[in-house]
Amino acid sequence: MNAPFRRKEDNRLVRGRGRFVDDEGGRALHVRLVRSPYAHARIRSVDVSAAEASEGVICTLTGAEVATLTNRFMQIAPPPADQVIDYCMAPDRVRFQGEPVAAVVATSVALAVDAAEKVRVDYEPLPVVVDAVESLRNETLLHEQVGTNESWGSLFEWGEVDKAFADADTVVTIDRLKFHRFSSTPLETYGGVVTWEASGRIDMLCNLIQPGVAMKFMAPALSVSPEQLRVRTQDIGGGFGIKQNLYPYLMIAALCSRKAGHRPIKWIEDRREHLQGSAHGNERTFLDIKVALKADGEITAVSATHIDDCGAYPRYEPLGGVIWSQVAPASYRLRNLRINFRQAMTNKCPVGPNRGFSRMQNVWFLERVVDICAHEMGIAPDVMRQRNYIPEMPWTTPNGCVYDSGDYAAMLAMAKEMIGWDDWIAKRDAMRAEGRLVGIGIGTALDSGTNNFGQSTIVNPKSGLSGNSEAANVRVGVDGSLTVIVGSVPQGQSHETVAAQIVAKELGVPEDIVRVASGFDSERATHTSHSGTYASQFAVTSVGAIHGAVEKVRAELLTVAAMLLQKQRSELRTGVFGGVAGVGTADGGSHVSFADISNLINTKTAGLPAELEDITLNCRYVYRAPFQLPDPVRKYGNLTLTYAAQVHVGVIEIDPLTHNIHVLDYAAVDDCGRVMNHTIVKGQVIGAAAHGFGAALMENLRYDANGNLLTATFSDYCPITMLNMPNIRYGNRESPSPFTYNGAKGMGEGGGGPIFALSSALQDALAASGARLNQSHYSPSDLHAVMTGAPARGVAQVSATRQRPI
Amino acid sequence: MYPSRFDYVKAASFAEASAALLQGGDGAKVLAGGQTLIPMMKLRLLRPELIVDLGGIDDARDIVVDDDVIEIGALARHADIGNEFRAQNLCPIISDCALGIADAQVRNMGTIGGSLAEADPCSCWPALLVALDAAVLIEGPGGTRALRVRDLLRDAYTPDLAAGELITRIAVERAALDGIGAFVAFKRAAPAYPTASVALQINYDGDRIAALRLGFGCLGLTPLAFDAASDMACGKTVTPALIADIAAAASAFVEPIDDAKGSETYKRSLAAGLVTRAFNVVEARRTGAPAGETHQYYG
Ligand SMILES: Cc1cc2nc3c(=O)[nH]c(=O)nc-3n(C[C@H](O)[C@H](O)[C@H](O)COP(=O)(O)OP(=O)(O)OC[C@H]3O[C@@H](n4cnc5c(N)ncnc54)[C@H](O)[C@@H]3O)c2cc1C
């Protein structure tokens, strides 16, 4: 099962023979967007006359037209933020830099770009708010009709928090922690080739990653049936969650197509547009943190205010307002929690469900709490974790989530052994004695997968979405080959390899007769409303669906073969007989090929016996994750099916000459249940780690006070490259999930392990100075400021009060 | 990411290019490796109406090393220069500088002449060439002239070139390259300009310093040459105390500005740090000890 199969898709992808959106649409018209240079401004007028007169221009589209042609997007939030008015293009007011205000359609991209420069927009700048905490003071409102900048807020309280504080031996307070804004950097930017056909069908060839949900936003806004939308994908060059926010742009392209006489329209986002106007990850500030502890370091309660920043329009938010609670206590047995969660709108790019979506922020918060408390209590960070890790599985968290399997203490022990923990402690101390700044840190990351959309009812009881599902279809071709279609939307996750592997293994046939027709097609391929590739669920939902479809096909093959071979079904099995895939008896004495069976059903149908009339050899199965609706009042219920985990241990040194954070040694141990393909799992672990290193060390989407994005090109944003990556020792443990048919768990988000481990190691390196670092990202210059006692940013105020003599 | 419309001519000689430039007036620009010009055009931060491509000038890519002087054609590419000096095991400070620029794609296209003409205070060649007090040959409507790089680069992004003037060659006195040197830089990532860079060439007399050349990139509005360091160092052996003194003086000497790559105070500290690293690499090279990496990236 877990041999390192070669990836089926690599040959075409590595040789540049994939088919991406930008490879299509040869005869399409091209659209260029005019975007706002202001973060917040009223649009006085938009003059497209010069653009329309420009060479090659077919038509233009303005926000004002959009407001008459479409409905505003539905909002997930309950009142009052359900009143947010969000169109695919700004009609009369822009709320973030890069928000589209007009579109120009021309016969080539270059002509469209030339003409777009001739669109004259008269803006009246408005006051800007870029800080979420400040935004909640409501001095500058983004959406007046909402009456507040809060998109959603609620108190989450579980257990007996007051009692735990009263009984605590020590109470630690931390004034502020800050998780910064960054994003993923897919090689391929957003794109689509969209045709609003004269028939009414809207064909969207694109790189959306969660098409089912996007269609729920687009169809009502366009006043069409979701069935009229044909959303298709092919190869996708990375998605990482943020491609979910592509749908407003697809709508612009659709409207342009109709206006251009139903001609196909191609839109490929450029890199600057991507950095400015696609989707960013959630930024979160944690305030007024109070932690109750026992003398031995056991954390008994945590209370805090979390202020999330969703940017100018909520879009997929405020779902992040509840998604974090999938991992409310992180990897700890903590039972009493009081979190006042508030989400603010600001004049910045809207956020999207970026890899590790919302859980990563919460786990970072608790990892920081654990490390800071450990230092305050004088307990080693590994010991502190061992005392607080969840001791047994399955484990029901205070909010009713069920962690399925895993042994975090054993993972930590493994990671410690891999880097030689004791030796490193000795080396660290020796290096410190020479004046070097060395730190060792731990990060325990959770990658909760297959989420229960019922949690949306905690945000809004009227949410029409619950559970989770995926569909797959397996059919037997007339040549005996097998074709698999699944509703997933691979973006580099090797679904073709794994799908083929599952089918081949289940039927006992060679992998090379299994063809996986990957890519989504809402009209012609199979899917459900939850279909897509996001939130670490392929290994459970898609594999579950493929498995179900294979079982149906197997049953049909056996039925036909039993009749042809005059045997009982129980005497027969699928496999390879005489070198050919087929059905036969255990001794192989009697057999018939898949090809012959398929021809009987599909080709030579005259005289087909009545008993076989329901047989199709083309079987669809819908996997539905076993979820109930949570209790929205208590905010209680099982929100995800599987919990993959990673423990990262890193040793860093702060270079005294450059303040570079240099990684001296690093181990990442992953447990995602039963591993279906080690090559792929390891690739995901290393790739997710690269994201984490990038976030901690390099990538930071910074805005100035006027809402100008200061990192709108690669030379400023500077995403991580190979040369910035340390060597990673990779380890794996397998704790099969009891909740999935083969014990596998979703994985791939990584959960931000290096952000936690590096924060922890930095704190350790600077422990002697007494500084308690409070940010998830430090540039060398930031560290220099902390170390030279310059501005207070970057350091938390921490106090520890012993309430009881020991 | 599409440039605005422009006309294009390919010149066969500097004289032809110069004439085309003059004729094109303000809207004309020459194109060498295109590694600065093309990105600026794609972002439409530059909108030249005429591009005069130097790529057809065949005799301007040569690298000539003789006893007195090293001459490099303006169109020699970073990769070619770096590989040539590395292969000949000559003047490591030059190969450090060339092969530390950006990534392979940029090095395979970008030219030394383009780097100087761009006059970006963060570029690497300018920092090296002001430290070595190199000269450039310039050809233009008024004929040819020689100019010290220090005089060419008196302002950020505006080289001292008259209309129609082109850089044709770069000349470095061999004497400036006597001894052992290193070019070190601290960068966020390879395909990013340095946060700061330091060029250090030391000529030894026994184990005493006979001459020392020190230059900085990204630490002012122009590349900076710190000639006073030579006076501090001459006649002394390299000791931690001497390194600390020069590093501290360098930190006070540089003129960094606050920007996204760091605060002014941080960059002063970095200047001292990189001077120290440059000394360490040079000393290691002198003694045959393993020398650390000259270019360090985040992480
Ligand atoms: C991703 C990236 C990273 C980079 N990182 C670094 C780095 O780390 N360090 C570094 O030093 N550089 C870096 N660069 C810049 C690179 O070295 C360029 O090649 C160089 O700065 C310009 O040289 P060019 O030949 O490409 O010039 P071009 O881009 O063709 O021209 C640049 C300018 O010089 C003018 N020009 C060109 N040649 C001449 C000439 N002979 N006479 C007069 N004017 C001329 C042009 O008209 C233009 O104005 C980077 C570039 C990129 C794209």
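Helices here are DSSP runs of H or I with at least four residues, numbered from the N terminus. With that in hand, here are the close-ups of this predicted model.

**View 1. Helix H7(A) and the residue after it.** Helix H7 of chain A covers residues 211-222. At 1.5 Å a residue, its twelve residues should span 16 Å, and the end C-alpha atoms are indeed 16 Å apart. Just past H7(A) sits Ser223(A), with a positive phi near 55°.

**View 2. How H7(A) is packed.** Ten of the twelve residues of H7(A) are buried, so the rest of the structure largely encloses this helix. Among the buried residues you will find Met215(A), Phe217(A), Met218(A) and Leu222(A). The buried residues of H7(A) pack against three strands of chain A, E9 (191-196), E10 (202-206) and E11 (229-233), and against helix H8 (247-259).

**View 3. Polar partners of the ligand in chain B.** Look for the side chain of His78(B), where an N or O atom is 2.9 Å from a ligand oxygen. A backbone N or O atom of Thr36(B) also lies 2.9 Å from an oxygen atom of the ligand. At Ser115(B), a polar backbone atom is 3.5 Å from a ligand oxygen. The ligand taken alone exposes 960 Å², and the protein buries 92% of that.

**View 4. The shell around the ligand.** Strand E2 (28-31), helix H6 (112-118) and strand E8 (166-173) of chain B each give two or more residues to the shell. H6(B) gives the most, with four. Of the 30 residues around the ligand, those coming nearest include Val30(B), Gln35(B) and Cys124(B). By type, the shell holds 17 nonpolar, ten polar and three charged residues.

How values were computed. Residues are numbered from 1 along each chain as its sequence is written. Chains are lettered from A and ligands numbered from 1 in the order in which they are written. This is a predicted model: local features need pLDDT of at least 70, side-chain atom pairs count only at pLDDT 80 or more; totals for chains, interfaces and linings use all residues. Side-chain values use heavy atoms; hydrogens and water are left out. A residue is near a molecule or strand if one of its heavy atoms lies within 4 Å of it. A polar contact is a pair of N or O atoms within 3.5 Å; within protein, one must be able to donate a hydrogen and the other to accept it, and residues adjacent in sequence count only if both atoms are side-chain atoms. Accessible areas come from the Shrake-Rupley method with a 1.4 Å probe; for residues, only the protein chains shown count as cover. Ala, Val, Leu, Ile, Met, Phe, Trp, Tyr, Cys and Pro count as nonpolar, Asp, Glu, Lys and Arg as charged, and the others, Gly among them, as polar. The expected span of a helix is 1.5 Å times one less than its number of residues. Buried means under 20% relative accessible area, exposed over 50%, partly exposed in between (1.4 Å probe, protein chains only). Contact means heavy atoms within 4.5 Å.
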